[in-house]
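Here are some short exercises in reading helix packing and aromatic pairs from a structure. Keep the viewer open and try each task before you turn to its solution.

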Amino acid sequence: MPIRNVLILGCKGTLGGQLMKLYPEASGWDREDVDVLDFPALRARVSALHPLPEAIVNCVAFNDVDGAEDRPQQAMALNADFPGALALFTRELGIPLVHYSSNYVFDGVQGEYLETDSPSPLSAYGRSKWGGEQRIAEAAGHHYVVRTAVIFGPKGESDLSKKSFVDLMRDLATKRATIEAVADEINSITYAPDLAAATRDLLDRLPAPGIYHVANSGGASWFDVAHEIFRITGENVNVLPVPSTHFPRKALRPPKAILRTTKLTPLRPWEEALAEFLK
């Protein structure tokens, strides 16, 4: 029987909200329900569930890339220490864990990356995400690390759910006729409903544990995405390509880090997913 009784941590974020739609029988917790960094409390709360969950999906993360440069310990606690503890716990329970990582574990020199390529992060954020991958691997349970990148989609319920790049561009368009967007950083782009559906497929099939890349097909710069947004909506906005040095930021970003999906069925092109979201 497919897994249906899932515990989703971070259920009010952009991705967590989409997973809750796919798992109507799921338990969903967010920061007002439990402090995941108080692991004994989390462990007790999970152990009190009847029945116990058949799988745990962890959508909790420290996602402030530049903020991690100032708060590396907080980033490491949420992105590495917590997933590591969760992986040991799910191994003890004998259930699968799905955890999400990032294309920022790579330095961007190679350009396109397979699941088997070795990480070499440039930032505190990237190092914390790689730390999570390593700790989960060390736990040696039935765990799936899903690397993804640049998530967009319907905003999560939580007040702390970050606006996606798509939302930020739409907001800017209401205030100015010309928008500058970085043209020399290229990433994979991921539609949250597609990522949620791929996660469900992963738990339905339960392939070998390990690292899986899940992002919509293709790659794009921030300029490419902004240009495509306004092409689709028909809004009269002039998008100017600028170099990344035009917007000084604390954290280094990989210049090109496209995730190639080789272990799962590749998702549809990002442009198609973007058009669905905007229309």
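The exercises below use a predicted model, and each solution goes step by step.

**Exercise 1.** Find how helix 1 and helix 7 are oriented to each other, and which residues make the contact.

*Solution.* Start with the general approach: two packed helices are described by the angle between their axes and the distance between the axes. Here, the axes of helix 1 (residues 14–22) and helix 7 (residues 192–205) come within 9 Å and cross at roughly 55°. Angles from 65 to 115 degrees would count as roughly perpendicular and those under 35 as roughly parallel; helix 1 and helix 7 are therefore oblique to each other. Their crossing is right-handed. Helix 1 brings Thr-14, Leu-15, Gln-18, Leu-19 and Leu-22 to the contact, while helix 7 brings Ala-192, Pro-193, Leu-195, Ala-196, Ala-197, Thr-199 and Arg-200. Sorted by type, the residues of this contact are 8 nonpolar, 3 polar and 1 charged.

**Exercise 2.** Now do the same for helix 6 and helix 8.

*Solution.* Helix 6 covers residues 165–173 and helix 8 covers residues 222–233; their axes come within 10 Å and cross at roughly 60°. That angle makes helix 6 oblique to helix 8. This crossing, too, is right-handed. From helix 6, Phe-165, Val-166, Met-169, Arg-170 and Ala-173 meet Trp-222, Val-225, Ala-226, Ile-229, Phe-230 and Thr-233 of helix 8. The contact of helix 6 with helix 8 divides into 9 nonpolar residues, 1 polar and 1 charged.

**Exercise 3.** Classify the ring pair of Tyr-144 and Tyr-212, and place both residues in the chain.

*Solution.* The structure holds 9 aromatic pairs. In this one, the ring centres are 5.8 Å apart and the planes stand at 65°, so the pair of Tyr-144 and Tyr-212 is edge-to-face. Next, look at the chain: Tyr-144 lies in strand 6 (residues 143–148) and Tyr-212 in strand 10 (residues 210–213), 68 residues apart, so that the pair links distant parts of the chain. Both Tyr-144 and Tyr-212 are buried.

**Exercise 4.** Repeat this for Tyr-191 and Phe-277, then decide for each whether it is buried or partly exposed.

*Solution.* The rings of Tyr-191 and Phe-277 are 6.0 Å centre to centre with 55° between the planes, a tilted pair. Tyr-191 sits in strand 9 (residues 186–191) and Phe-277 in helix 9 (residues 270–278), 86 residues apart. For accessibility, buried means under 20%. Tyr-191, with a relative accessible area of 5%, is therefore buried, whereas Phe-277, at 22%, counts as partly exposed.

Technical notes: Residues are numbered from 1 along each chain as its sequence is written. This is a predicted model: local features need pLDDT of at least 70, side-chain atom pairs count only at pLDDT 80 or more; totals for chains, interfaces and linings use all residues. Side-chain values use heavy atoms; hydrogens and water are left out. Axes are lines fitted to C-alpha atoms, for helices over the stretch in contact, and angles run from 0 to 180 degrees between N-to-C directions. Helices (H or I, at least four residues) and strands (E, at least two) are DSSP runs, numbered from the N terminus. Angles under 35 degrees count as roughly parallel, over 145 as roughly antiparallel, 65 to 115 as roughly perpendicular and the rest as oblique. A crossing is left-handed if the near helix is turned anticlockwise from the far one by less than a right angle, and right-handed if clockwise. Contact means heavy atoms within 4.5 Å. Ala, Val, Leu, Ile, Met, Phe, Trp, Tyr, Cys and Pro count as nonpolar, Asp, Glu, Lys and Arg as charged, and the others, Gly among them, as polar. Rings of Phe, Tyr and Trp (its six-membered ring) pair if their centres lie within 6.5 Å; planes under 30 degrees apart count as stacked, over 60 as edge-to-face and the rest as tilted. Buried means under 20% relative accessible area, exposed over 50%, partly exposed in between (1.4 Å probe, protein chains only).
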